[in-house]
Amino acid sequence: MRGLVLDVGGVLVGPGSDPDTFGAAVTVLRARGVRTALLSNDPGGPGAQWLRDLEGPFVDRVVLSGDARVAKPDPESYLLVARLLDLEPGECVFVDDAVGNVRGAAAAGMVGVHHDGSHDAPGELAVLFDLDLEEIGSGATDGAGSWWRRSGGSGQEGERGR
């Protein structure tokens, strides 16, 4: 797999989220050359600037439905993020807490991973990307979870209407 695409609400912020583990996964995978993106049904506007600012320092691309004018689970949203990463959908793994969005990603050709707050999603990423679970499970890799929180990822009300 050559791309990792994460939802924001429920994966990186909010109830059931795991910013330490997923932040560490992004850090480790980017260091290995895996392309990364956030794909959020955020409506955009000025209040979403904190999400847009994550493009570059945290992930390679940020796609907000309000800016792109297409929302998950529309297949075009997944195809768009794959194009922006210069990848085929089949080269991307998509993680979301909403089953319908995971199914939408799979229908568009991505590998879908459902994050339900358990440890299954990080385990699936470990298998798909040949990661050491301890490396990402501790969230300690280069302070990725701490970096995410410092950059605005903690408690922000960015994503609406997953």
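Helices (H or I, at least four residues) and strands (E, at least two) in this report are DSSP runs, numbered from the N terminus. With that in hand, D67 can be placed in helix α3, and we will come back to D67 below.

## Getting oriented

This is a predicted model, in which local features need pLDDT of at least 70 and side-chain atom pairs count only at pLDDT 80 or more, while totals for chains, interfaces and linings use all residues. Residues are numbered from 1 along each chain as its sequence is written, and side-chain values use heavy atoms, with hydrogens and water left out.

The score pLDDT is the predictor's confidence in each residue, from 0 to 100. Its average over the protein chain is 87, and 84% of the residues score at least 70. Over residues 140-145 the pLDDT is below 50, and this stretch has twelve contacts in the model beyond near neighbours in sequence. A contact here means heavy atoms within 4.5 Å. Residues 154-162 also have pLDDT under 50, and the model gives them 26 contacts beyond four places in sequence.

## The overall plan

Eight helices and five strands make up the elements of the protein chain. Read from the N terminus on, they run β-α-β-α-β-α-α-β-α-β-α-α-α. Of the 162 residues in the protein chain, 49% are buried. Buried means under 20% relative accessible area, exposed means over 50%, and partly exposed lies in between (1.4 Å probe, protein chains only).

The protein chain exposes about 6900 Å², with carbon and sulfur atoms supplying 48% of that area. Such accessible areas come from the Shrake-Rupley method with a 1.4 Å probe; for residues, only the protein chains shown count as cover. Among contacts between residues at least 6 apart in sequence, 65% join residues at least 24 apart.

## A pair of strands

Strand β5 (residues 111-114) pairs with β4 in the parallel sense, over four bridges; two strands pair if DSSP finds at least two bridges between them. Within this pair, F94 stands opposite G112 in β5. The chain travels from β4 through α5 to β5, and this β-α-β crossover is right-handed. Right-handed means that, with the strands pointing away from the viewer, the path from the first strand over the helix to the second runs clockwise.

## Helix α4 and what surrounds it

Which residues of helix α4 (residues 75-84) are buried? They are S77, Y78, L80, V81 and A82. The buried residues of α4 pack against the strands β1 (3-6), β2 (35-40), β3 (61-64) and β4 (92-96), and against the helices α3 (65-68) and α5 (99-107).

S77 makes a good example to look up: it sits in helix α4, and its relative accessibility is 1%, so S77 counts as buried. Leaving aside neighbours within four places in sequence, S77 is in contact with L39, V70, A71 and K72.

At the N-terminal end of α4, D74 acts as a cap: one of its side-chain oxygens lies 2.8 Å from the backbone nitrogen of E76. A polar contact is a pair of N or O atoms within 3.5 Å; within protein, one must be able to donate a hydrogen and the other to accept it, and residues adjacent in sequence count only if both atoms are side-chain atoms. After α4 comes D86, whose phi is positive, near 60°.

## The loop before α4

K72 belongs to the loop between α3 and α4. The side chain of K72 reaches the backbone oxygen of L39 at 3.1 Å. From K72 to P73 the peptide bond is cis, with omega near 10°, and P73 is found in the loop between α3 and α4.

R69 is in the loop between α3 and α4 too. Its phi is near 65°, a positive value in a residue other than glycine. Further along, D130 lies in the loop between α6 (120-129) and α7 (133-137), and D130 has a positive phi of about 55° although it is not a glycine.

Here is how four residues compare with the solvent-access cut-offs given above.

| Residue | Relative accessibility | Class |
|---|---|---|
| K72 | 5% | buried |
| D67 | 41% | partly exposed |
| D130 | 65% | exposed |
| R69 | 76% | exposed |

## Back to D67

How far apart in space are D67 and P43, C-alpha to C-alpha? The distance is 7.2 Å, although D67 and P43 are 24 residues apart in sequence. Not counting residues up to four places away in sequence, D67 touches G44, G45 and R52.
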